[in-house]
Amino acid sequence: MSNKIERIFGKNLFHDEVMKQYLPPETYAALQRSMTGGEELDPEAADVVAEAMMKWAVERGATHYTHWFHPLTGVTAEKHNSFIELDGKGGIRLSLSGKSLIKGESDASSFPSGGLRANFEARGYTAWDCTSPAFLKEDNEGGGVTLCIPTAFCSYNGEALDQKTPLLRSMEALNKHALRILRLFGDTETRRVITNVGAEQEYFLIEREFFEKRWDIRLTGKTLMGAAPLKGQSDSSHYYGAITDRVARFMNELDEELWKLGITAKTKHNEAAPCQHEMAPVYATANIACDQNQLVMEMMKKIARRQGLACLLTEKPFPHVNGSGKHNNWSIGTDTGHNLLEPGKTPYDNAQFLIFLSAVIRAVDKHAALLRLSCASASNDRRLGGYEAPPAIISMYLGDDLIDLIEKVKSNVEQPERALTLRFGVPTLPQVYRDSTDRNRTSPFAFTGNKFEYRMPGASQSISECNTVLNTIVAESLDHIATRLEMADDFAAEVREIFRDILFGHERILFNGDGYSKQWEEEAARRGLPNFTNTVDAIDALKYPQTRRLYETYGVFTAPELDARYEVLLEQYTEQVLLEARVAADMARRQVMPVCTEYMSRFAGWIVASRTAGLDCSAMDDDLVALDNACAKLGRRLERLEKVLRLSLPGDKKAAAVFARDEVLVKTQALCSACNSLERLVPRDLWPMPTFDDMLYEGIE
Ligand code: ADP
Ligand code: MG
């Protein structure tokens, strides 16, 4: 193999080929059965797998292993153990037992648990997720290598304390009910239905030097203050623009590191905002895609640091230009490789496609609030509804062809077929077939030919949450449909009937127009679609009786687990808002204020001196007055914020979050806008931190 990709791809992944090579055939077969949910791996087989995994890892330089899991922090967690064990004869030997592979114990009282655990019952367990392959993490500077075993994480009583467990449960639910439908359509071959996910990851790169000098970016991941850059992104030159050498070096190293981990890094390009870029891998099974996306984010940060850059994943690191999202492409497929959302050439006659499509329509309309909540965070609140971001209202775009089809079904009237070829009008250019759907970049949930693209998730968020919601709500709809079909006398007639019922019942969720327009906001309100502009309002969806019924029925969350998540979400929101407020207040008090007052007194000195010299100082007078007013305003706003920060928070978590939103956040924003006015009045070289112009236009671009 001579190509670089082929040489390094999957080098650090315990993938199928490696398993075949390192495991005896009967253990390999047992592991395969366990991976498809067929049966539990017996302890002897687990010992053999563990031994093989360790051998493979040690041959590649590993000294440690870790259970790698996804607590409710949004990032991953790991605690390393070396393979060292005493051999009983005064020496040591290397060991990884089946027990250590399957189960880990951690003192997890410091992870968010929303009241599911108290400090005195701090035991938490991690359990091996054999469906996601183990991998090696290389620590390039120290030369260390660690075997990472993907695991689920639960409390002493078995409640899920992580993002993975509910996702796996939701995949089971969807599998169960999708299989019922497939069997009704006469499919006897499919053994498992899975959801496939491809996450397009947007990110910003800035010079490390700028990052180091901005306490807001260092501590909160984004700028909290800054006057609008002189050049925004209005000339659209960055989108798909030629990639500079500096950025290419980052992207190349990222590709290589991801390929080594078996992550199929595929697409890379410059995005709309200056310094903004995107990477998308080829899609994978939802669970694996979520694990991989965490590694993508981790790698981006690590490589940026190595190369003297900083990678910003926060949703809206700079106001005035686009924020970063994570477009979650989602489809339903079979283990035989069939995409159940593929309309085929004649969707009208493709009853099975119509059934799966209607299941998604019904699900998204019924549980729009839950889907919205799946990407709610204090950071994403700054993005949703702003500039390029999709609005906070969930609607679905199906494209003209499917809308024609829907009209056809509703009215029984034939619509004219659309021409599917494009002609450029230049004989040397080929005639190309166009897709059956156009793009609608303003839709939060768009059908893009054979998958849905959910565009609301924020760039820094784990995609487990939105995929857990999608799988569960669609499982519920498939259950509903399967039950109807199972009772029907005339199957074909019932299929059409179900499709019509769902279209008539859930038409309000379909919208093909401009999702960013004011008219849509009004229209959506008339249609009764929820519009939660912030996390605190969105969070109530977890308390809806229909949400609780949904999750309990499909075994995705128990009632205590839901209560815990409700608390954790509120706590995280409040903490984030308070942190931003403290950082903004500190920057205003210790960076902006001293510079401005010092400059003002120097300015006053110049005026006095100039007057003494007999000069006319009226222009300077005006500037000084403007500066004085702006400083006074900053002082007043700073005092107000500091006062509110000294108050104790309401004990109730919801009340605390409301307080954070209505008192703290509002006052932080007012303070930051006062700083921004001052930035315009103080000479560039005196300003105490890199400006937007510096960070976005002076660095790597
Ligand atoms: P876009 O044009 O939307 O920017 P990209 O090529 O950047 O498209 O990303 C599209 C993503 O969708 C990729 O991760 C791709 O693998 C994924 N994708 C393609 N087909 C499917 C599918 N059937 N199910 C899930 N994801 C898919
Ligand atoms: Mg893309």
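**The surroundings of ligand 1 and of Gln163**

In this predicted model, an oxygen atom of ligand 1 lies 2.6 Å from a polar backbone atom of Pro281. Two side chains make further polar contacts with the ligand: a polar side-chain atom of Glu200 is found 2.8 Å from an oxygen atom of ligand 1, and an N or O atom in the side chain of Asn329 is 3.3 Å from an oxygen atom of ligand 1. Taken on its own, ligand 1 has 580 Å² of accessible area, and the protein covers 82% of that area.

The view can now be widened to the residues around the ligand. There are 16 of them, and those that come nearest are Glu200, Pro281, Tyr283, Ser331 and Arg439. By character, the shell around ligand 1 is made up of four nonpolar, six polar and six charged residues. Three strands, β9 (193–207), β11 (276–281) and β14 (326–334), each contribute at least two residues to this shell.

A second place to look at is Gln163, which sits in the loop that runs between β8 (144–155) and α6 (164–184). Gln163 counts as buried because its relative accessibility is 6%, which is under the 20% cut-off. Leaving aside residues up to four places away in sequence, Gln163 touches His70, Pro71, Leu72 and Gly74, and also Ser462, Ser464, Glu465 and Arg565. As for Arg640, which stands 477 residues from Gln163 along the chain, the C-alpha atoms of these two residues are separated by 38 Å.

Conventions: Residues are numbered from 1 along each chain as its sequence is written. Chains are lettered from A and ligands numbered from 1 in the order in which they are written. This is a predicted model: local features need pLDDT of at least 70, side-chain atom pairs count only at pLDDT 80 or more; totals for chains, interfaces and linings use all residues. Side-chain values use heavy atoms; hydrogens and water are left out. A residue is near a molecule or strand if one of its heavy atoms lies within 4 Å of it. A polar contact is a pair of N or O atoms within 3.5 Å; within protein, one must be able to donate a hydrogen and the other to accept it, and residues adjacent in sequence count only if both atoms are side-chain atoms. Accessible areas come from the Shrake-Rupley method with a 1.4 Å probe; for residues, only the protein chains shown count as cover. Helices (H or I, at least four residues) and strands (E, at least two) are DSSP runs, numbered from the N terminus. Ala, Val, Leu, Ile, Met, Phe, Trp, Tyr, Cys and Pro count as nonpolar, Asp, Glu, Lys and Arg as charged, and the others, Gly among them, as polar. Buried means under 20% relative accessible area, exposed over 50%, partly exposed in between (1.4 Å probe, protein chains only). Contact means heavy atoms within 4.5 Å.
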